[in-house]
Amino acid sequence: MKATISLTKPELLVILSSHYGFTVVDATITTEPTLAKAIREVVEQFDYRSTQKIAAIKALRTFACEKNLCSLGLADAKWAIENFATFIAFVEKNDRLPADYYSNGLK
């Protein structure tokens, strides 16, 4: 069963205090970084526009493999690095990688 619950922060603190058995004075809700942010962190550590393009391609493919996002082919990874602004805009909008073989056109 799923439900949507709206709470104020004071109400949440009362619930947490009751659950844990001690007074909770503050709570912070964190979220996983978005896919686009995670990809940026992987790619932008390299000079992907010139001297470290190959390293950035390898890093992007490794990232995709580790996250089980898809099988990111060499041609697609190369296209993503060479057209990074277009690629990352797609990822930001859709919160996913494009379909396989997107180097032939984003889908």
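1. A quick look at the aromatics in this predicted model: counting ring pairs with centres within 6.5 Å, I get three aromatic pairs. Two of them are worth going through here, since they share a ring.

2. Start with Tyr48 and Phe84. Their ring centres sit 5.0 Å from each other, with 55° between the planes, and the pair is classed as tilted. What I like about this contact is that distant parts of the chain are linked by it. Tyr48 belongs to the loop between α2 (35–43) and α3 (53–66), while Phe84 is in helix α5 (residues 84–94), and the two positions lie 36 residues apart in numbering terms.

3. Are these two rings' residues buried or exposed? Tyr48 has 9% relative accessibility, so it counts as buried. Phe84 is buried too, at 4% relative accessible area.

4. Now the other partner of Phe84. The Phe84 and Phe87 rings are 6.3 Å apart at their centres, and the planes meet at 40°, so this pair is also tilted. Both residues are in helix α5, and because they are three residues apart, about one helical turn separates them. Phe87 comes out at 0% relative accessible area, so buried is the right word for it.

5. Putting the pieces together: Tyr48, Phe84 and Phe87 make up one aromatic cluster. Phe84 pairs with Tyr48 and with Phe87, so when you have the model open, I'd centre the view there.

Methods: Residues numbered from 1 in each chain as written. Predicted model: local features only at pLDDT ≥ 70, side-chain atom pairs only at ≥ 80, totals over all residues. Heavy atoms only, no water. Phe/Tyr/Trp six-rings, centres within 6.5 Å; stacked < 30°, edge-to-face > 60°. Helix = DSSP H or I, 4+ residues; strand = E, 2+ residues; numbered from the N terminus. Buried < 20%, exposed > 50% of the residue type's maximum accessible area, 1.4 Å probe, protein only.
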